[in-house]
Amino acid sequence: MSQPPLPDQAAAVYASNPPRELPTRRGTELAMLGFAAFIVTCAFVLVQANQEQELSWSIVWYGLAYLGLFAIAHAAVRRWAAYADPLILPSVALLNGLGLVMIYRIDLAMSERATKASRDFTAAAPKQVLFTALALALFLAVLIMVRDHRTLSRYGYTAGLVGMVALALPALLPSSLSEVNGAKVWLKLPGLSIQPAEFSKILLMIFFASFLVAKRDLFMVAGRKVLGVELPRARDLGPLLIAAAVCLLVLVFEKDLGTSLLIFGIVLVMLYVATERAIWVVTGLAFFVVGCLIAYQLFTHVEQRVANWIDPLATYSDQGGGYQIAQGLFGLGTGGIGGTGLGAGRPDIVPEANTDFITAGLGEELGFIGLAAILVMYLVLATRGMRSALAVRDTFGKLLGCGLSFAIVMQVFVIVGGVTKLIPMTGITTPFLSYGGSSLLANYILVALLLRISDAARRPAQRARPKQPVQQAPLAEANTVMVNRPPAGGHQTGEPTA
């Protein structure tokens, strides 16, 4: 007969006959990480074979660095988030690895061009490895310090205040300390430059999740009914108006269309998840359309981006015109369905090829099939995050998990939509693929929080500990009871004696 589980093992069993441990699926995660490492290694080999016609020891260095970093990440998840979803970390590892391969491939091309022009060139791939190491260190810190995602709800308003300050800080600083390529989104420190908006989006999501949990009933109240639709009350539109105003101010003072669009979209989705009322989405989209029309009339940089979107060839030679978008489209057209092959294209002729337009380079060399596979990886990552958010038992975790997962989808849609001319181009990076420290650091914090929510969702509920038996008095101190034989038809009585 199987022995019942000990009290300290109660969290690791689930109902079955006989009881057995719930699989943590860490072995599955390790196998998927190995598969991701195999794909990344093959990609490095193809790049060097096509670019340099030989293999060098740099592949070994990059490969060992990649394996070492994600082996540590896997060990950390196994130790501090044992029940987390087994596909989240491998998806991130594969995307990060492919981004590193593409950055290295662009480095080789740029180095060759610099040599021919007798110019110095600093490779970006070693810096990207360093940024990945720092991001994973921050990833470990979040996993260790945030043992329960629900504790973040206590600091919701503090997170909102810090997030707003971080978002507004570049606009308040002089252009020499904050402006790059016309956008005031940076914080330039001696030897270090960061984008505070990358971190503020996570802080604002924590704030919105805690706020919506506390004020959910406020948004559930219906106002007047028009054409059969229950409109929200005017006094309840305050948070949505504040979010729209903040995004508009970011657009005005920082010229950062991508961040403003991202934050407003996240607020809208979290509000819909909290209330399940589509009218909030319709209202938010109406505010968005009005804001876009106002921005187009008032700000020349918005008008320029719309002109580049409508016809990039018409503004091809203009300052700040459609040259970048057109070059990216030429690269995608060259790649076609199957791509030119890793290392056999010309992604280096696209400006900002390793940051904003890295998806154009991947589309050229991997083709439509390869780029679609990368987008599917993002879809898998976001879907697993959403699945964990829906399965977690607390409302705060549901809202925060949905917001974090949607942030990934929204970022990818905005940047890939701009590169492919589906929507006007914005200035945000592709998560885990693009070169840059701020983006990697912030997105690995996001992944750590998703893993923490996933661990809480999949971890078995604590069983009630068995009641301790009542402690009886020692035999030497117990009273004895003398039982007398009752008379016929009588009742049994007993008289205690010492």
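## Gln411 in helix H15

Gln411 is found in helix H15. This is a predicted model. With a relative accessible area of 1%, Gln411 is buried. The cut-off for buried is under 20%.

Which residues does Gln411 touch, leaving out those up to four places away in sequence? Among them are Glu198, Lys201 and Leu262. Ile428, Thr429, Pro431 and Asn443 complete the list.

## The loop after H15

Helix H15 covers 395-419, and helix H16 covers 437-458. Gly436 lies in the loop between these two helices. Gly436 has 15% relative accessibility, so it counts as buried. Residues up to four places away in sequence aside, Gly436 touches Gln128 and Phe131.

How far apart are Gly436 and Asn354 in sequence and in space? They are 82 residues apart in sequence. From C-alpha to C-alpha, the distance is 9.0 Å.

## Asn354 in another loop

Asn354 has its own loop, between helix H13 (323-335) and helix H14 (358-391). Is Asn354 buried or exposed? Asn354 is buried, because its relative accessible area is 16% and the limit is under 20%.

Asn354 touches Ile103, Ile106 and Ala124. Ser434 and Tyr435 are also touched by Asn354. This list does not count residues up to four places away in sequence.

## The nonpolar core

The largest nonpolar core has 114 residues. Four of them have the most contacts inside this core: Phe139, Leu400, Phe432 and Tyr444. Which helix gives the most to the core? Helix H3, residues 88-116, does so with 14 residues. In soluble globular proteins, nonpolar side chains tend to be buried together.

Tyr444 shows some of the contacts in detail. Neighbours within four places in sequence are left aside here. Tyr444 is in contact with Phe139 and Phe432, which are also among the core residues with the most contacts. Other partners of Tyr444 are Phe70, Val92, Asn96, Thr132, Ala135 and Leu136.

## Helices H1 and H2

Helix H1 spans residues 26-51, and helix H2 spans residues 58-80. Two packed helices are described by the angle between their axes and the distance between the axes. The axes of H1 and H2 come within 11 Å. They cross at roughly 165 degrees. H1 and H2 are therefore roughly antiparallel to each other, since the angle is over 145 degrees. Their crossing is right-handed.

Which residues meet where H1 packs against H2? From H1 come Arg26, Gly27, Glu29, Leu30, Leu33, Ala36, Ala37, Val40, Phe44, Val45 and Gln48. From H2 come Ser58, Ile59, Tyr62, Tyr66, Leu67, Phe70, His74, Val77 and Arg78. The residues of this contact divide into 13 nonpolar, 4 polar and 3 charged. Phe70, on the H2 side, is also in contact with Tyr444.

## Ala71 on H2

Ala71 is found in helix H2. Ala71 is partly exposed, with a relative accessible area of 45%. Along the chain, Ala71 and Gly34 are 37 residues apart. Their C-alpha atoms are separated by 9.6 Å.

## The whole protein

How many helices and strands does the protein have? There are 16 helices and 10 strands. The protein has 498 residues, and buried residues make up 46% of them.

Contacts can also be sorted by separation along the chain. Take the contacts in the protein with a separation of 6 or more. Residues 24 or more positions apart account for 71% of these contacts.

Notes
Residues numbered from 1 in each chain as written. Predicted model: local features only at pLDDT ≥ 70, side-chain atom pairs only at ≥ 80, totals over all residues. Heavy atoms only, no water. Core = buried A, V, L, I, M, F, W, Y, C linked by side-chain atoms within 4.5 Å. Buried < 20%, exposed > 50% of the residue type's maximum accessible area, 1.4 Å probe, protein only. Helix = DSSP H or I, 4+ residues; strand = E, 2+ residues; numbered from the N terminus. Contact = heavy atoms within 4.5 Å. Axes fitted to C-alpha atoms, helices over the stretch in contact; angles between N-to-C directions. Parallel < 35°, antiparallel > 145°, perpendicular 65-115°, else oblique. Left-handed = near helix turned anticlockwise from the far one by under 90°. Nonpolar A, V, L, I, M, F, W, Y, C, P; charged D, E, K, R; others polar.
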